[in-house]
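I set out to look up the main features of this structure and to record each one as I found it. The entries go from the whole chain to single residues.

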Amino acid sequence: MDQRLKEVPQTDLAEGRLIEEFLDWLKTKGVSWLLVAMVALCAYFGIVRWRTHQSNYEVEAWDALTTAKTPSALEEIADKYAGVESVPLVARIDAARRYMNAVQADQSLATVEGAPRTALTEEDRTSYLDRADRLYQSVLAADDNSGPKTLFMLMALNGRAAVAESRGNLEDARKFFEQAAARAEAFYPGLAQQARANAATVMQQERVATLLPAGTATRLDRQPPSLTPITVDPWLSKMLFPATEESNG
């Protein structure tokens with residue numbers, strides 16, 4: 001019992017020394033470490049919040065893209081969500097496609113949903129072609145020669161070819177098809193082959209228009225060379241080769 005009573009003061013003394021050392025550590029270094037821990041904690045919560053915001057922002061961008069009704073709305077989306085994955089490229093290509101569809105259908109684009117569409121004036125037609133070409137050029141300006149962007153660049157180059165054909169600039173159209181073939185060769189050789197075929201036959205339009213009188217039903221006796229079928233989704237085919245799709249219809 002006496003031995004235990006002697007050990008009690010020594011234990012109390014050791015515990016007191018530990019507490020005193022801990023308080024001294026808090027006074028000298030503890031505050032600094034506490035600040036480091038608080039900063040790390042704030043940084044962690046900041047990263048989590050930023051990632052959540054970024055994810056919501058991307059969802060918002062794609063939602064806006066799928067609900068846009070007019071080319072001008074699509075252009076606004078492309079500018080607003082410039083840093084969101086492929087949204088700007090898709091938005092500009094879709095806007096340009098709508099202008100080209102309006103030109104090919106010879107109908108104006110409704111500025112308000114549900115408004116009647118009228119026949120294009122020559123001024124409207126020129127304006128639509130200019131806008132489509134500008135949008136395709138802005139897509140091409142974002143090219144980094146990477147695989148993931150290849151299809152976007154093909155759509156833009158074939159789109160510019162369609163604009164050139166609509167203006168009667170068949171030589172320019174041929175050059176755009178050739179550029180499309182060169183851009184696709186490394187990643188999509190089948191699409192490159194299709195672009196080269198378009199480049200080789202685009203000048204036939206000029207010969208048909210020259211040799212046959214206006215109003216005469218036309219038919220090409222010489223069939224184009226047979227090509228290996230390319231497996232492409234219908235929606236992608238229309239965006240890649242708008243001029244070809246229209247001429248086949």
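My notebook entries on this structure follow.

**Entry 1: the model.** I noted that this is a predicted model, in which local features need pLDDT of at least 70, side-chain atom pairs count only at pLDDT 80 or more, and totals for chains, interfaces and linings use all residues. Residues are numbered from 1 along each chain as its sequence is written, and side-chain values use heavy atoms, with hydrogens and water left out.

**Entry 2: the overall fold.** I counted helices and strands as DSSP runs numbered from the N terminus (helices H or I, at least four residues; strands E, at least two). The protein has 10 helices and 0 strands. Its pattern along the sequence is therefore written α-α-α-α-α-α-α-α-α-α.

**Entry 3: surface and contacts.** I took buried to mean under 20% relative accessible area, exposed over 50%, and partly exposed in between, with a 1.4 Å probe and protein chains only. Of the 249 residues in the protein, 30% are buried. The protein exposes about 16,300 Å², and carbon and sulfur atoms supply 57% of that area; the areas come from the Shrake-Rupley method with a 1.4 Å probe, and for residues only the protein chains shown count as cover. I then turned to contacts, meaning heavy atoms within 4.5 Å. Among those between residues at least 6 apart in sequence, 57% join residues at least 24 apart.

**Entry 4: the cores.** Which residues have the most contacts inside the largest nonpolar core? A nonpolar core is a set of buried Ala, Val, Leu, Ile, Met, Phe, Trp, Tyr and Cys residues joined through side-chain atoms within 4.5 Å. The largest one has 31 residues, and Met100, Ala132 and Tyr136 have the most contacts inside it. At least two residues of this core come from each of α1 (2–67), α2 (71–80), α3 (87–105), α4 (122–140) and α5 (150–167). Helix α3 gives the most, with 10 residues. I looked further at methionine 100: leaving aside neighbours within four places in sequence, it is in contact with Leu129, Ala132, Tyr136, Ala162, Val163 and Ser166. A second, separate core has 16 residues, including Ala173, Ala180, Ala184 and Leu191. In soluble globular proteins, nonpolar side chains tend to be buried together.

**Entry 5: helix α3.** I compared the span of α3 with the expected one, which is 1.5 Å times one less than the number of residues. The 19 residues of α3 should span 27 Å, and the end C-alpha atoms are 27 Å apart, which agrees. Of these 19 residues, 14 are buried, so α3 is largely enclosed by the rest of the structure. Alanine 105 lies in α3 and is partly exposed, with a relative accessible area of 43%. Its C-alpha is 8.8 Å from that of alanine 119, although the two are 14 residues apart in sequence.

**Entry 6: helix α6.** Which residues of α6 are buried? They are Leu170, Ala173, Phe176, Phe177, Ala180, Ala181, Arg183 and Ala184. Seen down the axis of α6, these buried residues fall within an arc of 165 degrees, so they line one face of the helix; the arc is that of the directions from the helix axis to the C-beta atoms. Helix α6 (residues 170–184) has 15 residues and reaches 21 Å from its first C-alpha to its last, close to the 21 Å expected.

**Entry 7: an aromatic pair.** I paired rings of Phe, Tyr and Trp (its six-membered ring) if their centres lie within 6.5 Å, with planes under 30 degrees apart counted as stacked, over 60 as edge-to-face and the rest as tilted. The count comes to 1 aromatic pair. The rings of tyrosine 99 and tyrosine 128 have centres 5.4 Å apart and planes at 45 degrees, so the pair is tilted. Tyrosine 99 lies in α3 and tyrosine 128 in α4, so the pair ties together parts that are 29 residues apart in sequence. Both tyrosine 99 and tyrosine 128 are buried.

**Entry 8: single residues.** Glutamate 85, in the loop between α2 and α3, has a positive phi near 40 degrees although it is not glycine. At 57% relative accessibility, glutamate 85 counts as exposed. Aspartate 106 comes just after α3 and takes a positive phi of about 55 degrees; it is partly exposed, with a relative accessible area of 40%. Methionine 155, in helix α5, is buried at 5%. Its C-alpha lies 7.4 Å from that of isoleucine 93, with their places 62 residues apart in sequence as the separation.
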